[in-house]
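Here is a friendly walk through one protein chain, taken a few residues at a time. Have the sequence and the 3D view ready to follow along.

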Amino acid sequence: MKSLSGLDATFLYLETPETPMHVGSLQLYELPRGFKGSFHKAMRKHIASRMHLAPVFSRRLAFMPFDLGHPIWVEADHVDLDFHIRKVAGARMSVKQAEAMAARLHGELIDREHPLWEFYVFDNITPPKEMALEGRLVGFYSKIHHAALDGKGGTVLANAVLDLGPIPREVPPPDPARRGRRAEDLKIGEMIGAVFSNSLAQVAKLAKSLPSAAGSVGSAVVRQSVRGGEKGLKSLRPQLPVQLAPRTIFNVGIGSQRSFATATLPLAECKAMGKAAGGSFNDIVLWICSTALRTYLTQQAALPRQSLVAAMPVSLREESNKELNNQASMSVVQLGTHLANPMKRMNAIMASTAKVKQALAGLKSVLPTDYPSLLAPWLVGGAGKVVLKTYGRAGITERLPAIANLAISNVPGPQVPLYLAGARMLTFHPLSIVMHGLALNITIQTYAGRVDFGLIADRKAVPQLQALADALEAAFEEGRALFQAAPPEPAPAKTRRRAVAKATPKPRALSKSGKTQAGRARRAATV
């Protein structure tokens, strides 16, 4: 009997009506030309034939006696597809109306009496003018509890449901011999014994890994606690290993209502911009977010003098690990929003992400994602939930220091078109989690040559969220002009005096490798 991991169970323990712990996406699909009938019915039939390919469809929670330990997954006696796959009421709607409906649905909790997933179908959406289609446009909003799904589980789910062509592939029928355990199969003594054996195993595992973990954490703290050093040890300057984030409009207690906005950028150009800047695709995405946040907060007269700090999830999964539970931790990245110069802002981001990579290099194998199960529902789900609710009360969140201002996630996706029940997927905009003190989450999903941004926020805390989505597209246009042929940063005064007689060379265009002379100069520059 295997219970949920500590990290998976924590998503259950800390869930409240104000802080649902599910993730989702809003996808637009083009139906085949000549398709007649209901996409909702076609998709329901499609899912019904493939439920056995992904465990998330048919497993539900079973709770330990007296809440002694983490819950376990059991096979549901019956999966009511009319409950799980619903048609959104109403006639034809616009894309923005579909986004607003997805935001409302994302603020509602998932019923724990059922398997922890819900799908919603928009049977008829009016395509925007720039979208030339041959077939009807439909929409699909999904939400799945984070306790039931991480990146690996998401891959399994996508492989089960989606196809590489418009004709759905044949799948093998379910194997009757692979019937999972159901709630009635569980014995109270066996469940209680599993709690104690799980807890003892976790205590032994933690004790065994403690020395190496302490050494890795210690060295990481040292690396994060000093800066400088270019001129030797004497130039090292101490600093706090974690720098607190400034106060912003995002660092407040939240309610249950959400707002949702989207933006889309071309993937190939974003990657080229990252190379031209001397960084990675992740660096340029962070620069685009930073530039947009700077614009948005300036419009709101709320831009702090210090740099905004983004919380970013980091995968701890080893390549050989095939378990479907969550295996991730959190890092923080300086966004350089206090810097008006876009080049200095990019340098600040690259310096911060480099430090994060260096610090995590020795930590991925020792950071725990599990902890002893015994009494965890009482300790984490009881005391922890009280602390979280207290933290979210009006005025308290705003007075306490913040580690981060918002969450930003970058999720790599497939680069080939995918199909659902014969319909071609056009967009893949994610919806993630916001919490007390982190009222804004920007999640980036790459798909088929696109970079699809999904912005989810507390509706009251973050006004005019679409303005921030528009600012992302404007930041991309600024970066495209800046990083493809950017001039080098000004040289020190002595260098300028030596070169006063020399003509200023023109910036070079991108080479085949995507590296420019300006990019090499920026990589050599200090922040």
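## Two loop residues with positive phi

Ala-448 is partly exposed, because its relative accessible area of 29% falls between the limits for buried and exposed. To find Ala-448, look in the loop between β16 (440-447) and β17 (450-458). This is a predicted model, and in it the phi angle of Ala-448 is near 50°, a positive value in a residue that is not glycine. Most residues other than glycine have a negative phi.

Further along the chain, Gln-464 also has a phi near 50°, again positive in a residue other than glycine. The place to look for Gln-464 is the loop between β17 and α12 (465-483). Is Gln-464 buried or exposed? With a relative accessible area of 58%, Gln-464 is exposed.

## The chain as a whole

Let us step back for a moment. The chain contains 14 helices and 17 strands. Of its 527 residues, 48% are buried. The accessible surface adds up to about 25800 Å², and carbon and sulfur atoms account for 60% of that area.

How are contacts spread along the sequence? Taking the contacts between residues at least 6 apart in sequence, 78% join residues that are at least 24 apart.

## Two nonpolar cores

Which residues have the most contacts inside the largest nonpolar core? They are Ile-408, Leu-440, Phe-453 and Phe-483, in a core of 73 residues. Helix α8 (residues 281-299) is the top contributor to this core, supplying 11 residues. Another core lies apart from it and has 48 residues, including Ala-9, Phe-119, Phe-428 and Ile-433.

Helix α10 (residues 376-392) is a good place to look at burial along a single helix. Its residues Ala-376, Pro-377, Gly-381, Leu-388 and Gly-392 are buried. Among the elements that cover the buried residues of α10 are α1 (6-13) and α11 (396-399).

## A cluster of rings

A pair of aromatic rings is described by the distance of the centres and the angle of the planes. This structure holds 9 aromatic pairs. In one of them, Phe-57 and Phe-119 meet edge-to-face, with 6.2 Å from centre to centre and 90° between the planes. Phe-57 sits in the loop between α2 (39-48) and β2 (59-62), while Phe-119 belongs to strand β6 (residues 117-126), so this pair ties together parts that are 62 residues apart in sequence. Both partners count as buried: Phe-57 has 1% relative accessibility, and Phe-119 has 3%.

Phe-119 has a second edge-to-face partner in Phe-140, at 4.9 Å centre to centre and with 80° between the planes. Because Phe-119 lies in strand β6 and Phe-140 in strand β7 (residues 137-145), this pair ties together parts 21 residues apart in sequence. Phe-140 counts as buried too, at 6% relative accessibility. Ring pairs link Phe-57, Phe-119 and Phe-140 with Tyr-29, Phe-39 and Trp-117 into a cluster.

## Charges over rings

Rings can also have a charged side chain over them. Arg-59 lies over the face of Trp-73, 4.5 Å from the ring centre. In another case, the charged end of Arg-86 sits over the ring of Phe-83, at 4.5 Å from the centre of that ring.

## A proline between two strands

Where is Pro-128 found? It is in the loop between β6 and β7. Pro-128 is partly exposed, with a relative accessible area of 25%. Leaving aside residues up to four places away in sequence, Pro-128 touches Val-95 and Leu-137. Pro-128 and Ser-94 are 34 residues apart along the chain, and their C-alpha atoms are separated by 7.9 Å.

## Cysteines without disulfides

A disulfide is a covalent bond between the sulfur atoms of two cysteines. How many disulfides does a search of the whole structure find? The search finds 0. As for individual cysteines, Cys-270 counts as buried at 1% relative accessibility, and Cys-289 is buried with a relative accessible area of 0%.

How values were computed:
Residues are numbered from 1 along each chain as its sequence is written. This is a predicted model: local features need pLDDT of at least 70, side-chain atom pairs count only at pLDDT 80 or more; totals for chains, interfaces and linings use all residues. Side-chain values use heavy atoms; hydrogens and water are left out. A nonpolar core is a set of buried Ala, Val, Leu, Ile, Met, Phe, Trp, Tyr and Cys residues joined through side-chain atoms within 4.5 Å. Buried means under 20% relative accessible area, exposed over 50%, partly exposed in between (1.4 Å probe, protein chains only). Helices (H or I, at least four residues) and strands (E, at least two) are DSSP runs, numbered from the N terminus. Contact means heavy atoms within 4.5 Å. Accessible areas come from the Shrake-Rupley method with a 1.4 Å probe; for residues, only the protein chains shown count as cover. Rings of Phe, Tyr and Trp (its six-membered ring) pair if their centres lie within 6.5 Å; planes under 30 degrees apart count as stacked, over 60 as edge-to-face and the rest as tilted. A charge sits over a ring if NZ of Lys or CZ of Arg is within 6 Å of the ring centre and within 35 degrees of the ring normal. A disulfide is a pair of cysteine sulfur atoms within 2.5 Å.
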